[in-house]
Amino acid sequence: MNAADSQWMARALRLAERGLYTTAPNPRVGCVLVKDGSVIGEGWHERAGEPHAEVHALRAAGAAARGATAYVTLEPCSHHGRTPPCADALIAAGVARVVAAMQDPNPLVAGQGLKKLSAAGVAVESGLMEAAARALNIGFISRMTRGTPWVRSKIAASLDGRTALANGTSKWITGEAARRDVQHWRARSCAVLTGTGTVLADDPQLNVREIETDRQPLRVVVDSELRTPPQARILQHGRTLIYTACSDAAKHQALRTCGAEVAVLAGTDGKVELPAVLRDLAQRGVNEVLVEAGRTLNGALLQAGLVDELVLYLAPQLLGDAARGLADLGELTQLQQRVNLHWQDMRQVGSDLRIVATITKEK
């Protein structure tokens, strides 16, 4: 592979990003067809059930696809899903070479698409700009390989790590630009997860605003005792799923009457079993979860090792020791109990600092 290959794959990745808010539960994929140094067709996957990126590119190229090179950000599929296999379409079109950024983690594909292409005489290469391709589909990869979504927790805090005053006042710690930036994280997520404490204190909607999209994420509430009031705004204008440990039929019916789905996932401690929540969401096709919750749920998720990434907005202010912290981790008596992070990105958003960091397993 050479510099020209990297140039065309970068273009395919930019195309794939156009599906950032729309492709779930499918992966974001872009494809560029090149012949004699020129693009003859390109496309990206837009929505589940609609043609894949390769099909869009092949349709644009027509007969010129014969002998071309296809640059695709994910291994072409080899199985019949909602649409026919893209590997078959590339073979039928007479494409001479396929360069894939990465293999498909879906067990139904997992290298079979590349093998089918190779067996048909198509030159196949994989691994070009794989890190960028994986980052684009980190949730899909997580669901396919771990059976759980990628969990990203968004927290707005003061510079000393405080998310609210002792009396609960928290609007607004961060500025308008940071709050607007959060909308992009919501829009790319399949679900937004919160706790009943946040619902009772802030009455949030947790929907996507200020971004043009025809897909709203599933709103998910962890509510062990089923205290979510039927008039809560999170139950309006969209899909809401409430996980509970409560079996009170009257409470269930009151919330279902408001359009919510109620699911019982009780742990042995009488609270909602959080690992079971993530497994259930994965089975529902959820790739990425954005947690927008208070210190209790954030702490429980972190302690259980269920958070993959933090998106932390730090405001240039100090709220003092009496204010509420960003996560209730209890008292740590050994450094081995700490949560370690790996910095991914730091930038200023308006007057605030945005830090993106992944959770590491090292102690």
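This is a guided tour of a predicted model, stop by stop, with a suggestion of what to select at each one.

**The whole chain**

Start with everything in view as a cartoon. The secondary structure comes to 11 helices and 16 strands. Show the C-alpha trace and align the view to its principal axes: the chain spans about 70 × 45 × 40 Å. A compact globule of 363 residues would have a radius of gyration near 21 Å, and the chain's 23 Å agrees with that.

Now switch on a surface. The chain exposes about 16,600 Å², and carbon and sulfur atoms supply 50% of this area. If you colour by burial, 50% of the 363 residues count as buried. A contact map is a good companion here: among contacts between residues at least 6 apart in sequence, 69% join residues at least 24 apart.

**A buried arginine and its partners**

Select Arg-152, in strand 6 (residues 150–158). Is Arg-152 buried or exposed? With a relative accessible area of 2%, Arg-152 is buried. Expand the selection to its surroundings, leaving out residues up to four places away in sequence, and you will pick up contacts including Ile-138, Trp-185, Ser-189, Leu-290 and Val-311. Charged neighbours of Arg-152 are there too, among them Arg-188, Glu-288 and Glu-309.

Next, draw a distance between the side chains of Arg-152 and Glu-288: a polar contact of 2.9 Å joins them. Keep Glu-288 selected and add Arg-28. These two form a salt bridge, with the closest N and O atoms 2.8 Å apart. The pair links distant parts of the chain, since Glu-288 sits in strand 12 (residues 288–291) and Arg-28 in the loop between helix 1 and strand 1, 260 residues apart. Both Glu-288 and Arg-28 are buried.

To see the wider arrangement, show Arg-28, Arg-152, Arg-188, Glu-288 and Glu-309 together as sticks: salt bridges link them in a network.

**Other salt bridges**

How many salt bridges does the structure hold? There are 24 of them, and two more are worth a visit.

Select Lys-116 and Asp-88, whose salt bridge has its closest N and O atoms 3.1 Å apart. Lys-116 lies in helix 4 (residues 112–119) and Asp-88 in helix 3 (residues 86–93), so the pair ties together parts that are 28 residues apart in sequence. Lys-116 counts as partly exposed at 30% relative accessibility, and Asp-88 does too, at 31%.

Then move to Arg-279 and Glu-273, whose side chains meet in a salt bridge of 3.6 Å, N to O. Arg-279 is partly exposed, at 40% relative accessibility; Glu-273 is also partly exposed, at 32%.

**Backbone details**

Now show the backbone atoms. Most residues other than glycine have a negative phi, and most peptide bonds are trans. The next few selections are worth checking with that in mind.

- Ala-24 to Pro-25: this peptide bond is cis, with omega near 5°. Pro-25 lies in the loop between helix 1 (3–17) and strand 1 (30–35).
- Asp-36: phi is positive, near 55°. You will find Asp-36 in the loop between strand 1 and strand 2 (38–44), exposed with a relative accessible area of 76%.
- Asp-203: phi is positive here as well, near 50°. Asp-203 lies in the loop between helix 8 (196–202) and strand 9 (218–222) and is partly exposed at 28% relative accessibility.

For the two ends of a helix, go to helix 9 (residues 249–257). At its start, a side-chain oxygen of Asp-248 comes to within 3.0 Å of the backbone nitrogen of Ala-250. After helix 9 comes Gly-259, with a positive phi near 100°.

**A loop glycine and a nonpolar patch**

Select Gly-330, in the loop between strand 14 (324–325) and strand 15. Gly-330 counts as exposed, at 51% relative accessibility, because the cut-off for exposed is over 50%. A C-alpha distance from Gly-330 back to Asp-203 reads 26 Å, for two residues 127 apart along the chain.

For the last stop, bring the surface back and select Val-339, Leu-341, Trp-343, Met-346 and Leu-353. Together they form a nonpolar patch with about 440 Å² of accessible area. Which strand gives the most to the patch? Strand 15 (residues 340–349) does, with 3 residues. Met-346 is found in strand 15 and is partly exposed, with a relative accessible area of 45%.

Definitions and conventions:
Residues numbered from 1 in each chain as written. Predicted model: local features only at pLDDT ≥ 70, side-chain atom pairs only at ≥ 80, totals over all residues. Heavy atoms only, no water. Patch = residues over 30% accessible without salt bridge, like charges linked within 9 Å, V, L, I, M, F, W, Y side chains within 5 Å. Areas by Shrake-Rupley, 256 points an atom, 1.4 Å probe, with all protein chains shown as cover. Salt bridge = Lys/Arg side-chain N within 4 Å of Asp/Glu carboxyl O. Helix = DSSP H or I, 4+ residues; strand = E, 2+ residues; numbered from the N terminus. Buried < 20%, exposed > 50% of the residue type's maximum accessible area, 1.4 Å probe, protein only. Rg over C-alpha atoms; globule rule 2.2 N^0.38 Å. Contact = heavy atoms within 4.5 Å. Polar contact = N/O pair within 3.5 Å; in protein donor to acceptor, adjacent residues only side chain to side chain.
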